[in-house]
Amino acid sequence: MDVSTAQDFLDRNFAPWVLALSPTVTEIGPARTVLRIPVTPAINRTGGIVSGQALAALADTAMVMACGGHFGEMVPVGTVTLDTQFLRPGSGDALRAEAEVTRAGRSMVFTRCTIVAEPSDKAVALATATFAR
Ligand SMILES: CC(C)(COP(=O)(O)OP(=O)(O)OC[C@H]1O[C@@H](n2cnc3c(N)ncnc32)[C@H](O)[C@@H]1OP(=O)(O)O)[C@@H](O)C(=O)NCCC(=O)NCCSC(=O)Cc1ccccc1
């Protein structure tokens, strides 16, 4: 599956408020899937840092897309667990979510994601999620 097919799936299937984050698929494949969002005032909480809610939504979205990258096509999955660690305040120009499948079984898919701030390249959040397929 190529980046434009993945982007098309994302644009057609995710909730409007998630699409309001302006997620762009920059890489998709069996090894890893990468999404990017701009940092805008709309996703910041008080204090001028990115809200945890936006970070969690980005991570969940990236890990759903990583399932598609792993299987070579978008497959219907439902999030069963989502765990996030907010390592440091998110700020900068953009956030890059690097997601991968750690194990895909017959009914469950295990994934992880690192969110990195640009241009600092510092990790601001780690996440894991489990999906039912
Ligand atoms: C504070 C702590 C949880 C733990 O700290 P510690 O273990 O003691 O770690 P340490 O002191 O080593 O600092 C680590 C790094 O953080 C930096 N830094 C620290 N303070 C500030 C600051 N004030 N401003 C800017 N940067 C600051 C500090 O320079 C360092 O950076 P470096 O490593 O040199 O590059 C930290 O991990 C953290 O901020 N995580 C992110 C939490 C987060 O963003 N959650 C989501 C948003 S909340 C939400 O959405 C809910 C909500 C919504 C609406 C309304 C209300 C609530």
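User: Why is Val-18 called buried?

Analyst: The model is predicted; local features need pLDDT of at least 70, side-chain atom pairs count only at pLDDT 80 or more, and totals for chains, interfaces and linings use all residues. Buried means under 20% relative accessible area, exposed over 50%, partly exposed in between, with a 1.4 Å probe and protein chains only. Val-18 has 8% relative accessibility, so Val-18 counts as buried. Residues are numbered from 1 along each chain as its sequence is written, and side-chain values use heavy atoms, with hydrogens and water left out.

User: Which helix holds Val-18?

Analyst: Val-18 sits in helix 2, residues 16-19. Helices are DSSP runs (H or I, at least four residues), strands likewise (E, at least two), numbered from the N terminus.

User: How do you know that Cys-67 is in no disulfide?

Analyst: A disulfide is a pair of cysteine sulfur atoms within 2.5 Å. The search of the whole structure finds zero disulfides. For Cys-67, the nearest cysteine sulfur is that of Cys-113, 12 Å away. Cys-113 is in no disulfide either; its nearest cysteine sulfur, that of Cys-67, is 12 Å away.

User: What makes Cys-67 and Cys-113 buried?

Analyst: Cys-67 has 1% relative accessibility, so Cys-67 counts as buried. Cys-113 has a relative accessible area of 2%, so Cys-113 is buried.

User: What makes Gly-52 a polar contact of the ligand?

Analyst: A polar contact is a pair of N or O atoms within 3.5 Å; within protein, one must be able to donate a hydrogen and the other to accept it, and residues adjacent in sequence count only if both atoms are side-chain atoms. A polar backbone atom of Gly-52 is 2.6 Å from a ligand oxygen. A polar backbone atom of Phe-86 is 3.0 Å from a ligand nitrogen. Lys-122 uses a polar side-chain atom, 2.6 Å from a ligand oxygen.

User: How much of the ligand does the protein cover?

Analyst: The protein covers 38% of the 1100 Å² of accessible area that the ligand has on its own. Areas come from the Shrake-Rupley method with a 1.4 Å probe; for residues, only the protein chains shown count as cover.

User: Which residues surround the ligand?

Analyst: Among them are Arg-45, Ile-49, Ser-51, Gln-53, Leu-87 and Pro-89. A residue is near a molecule or strand if one of its heavy atoms lies within 4 Å of it.
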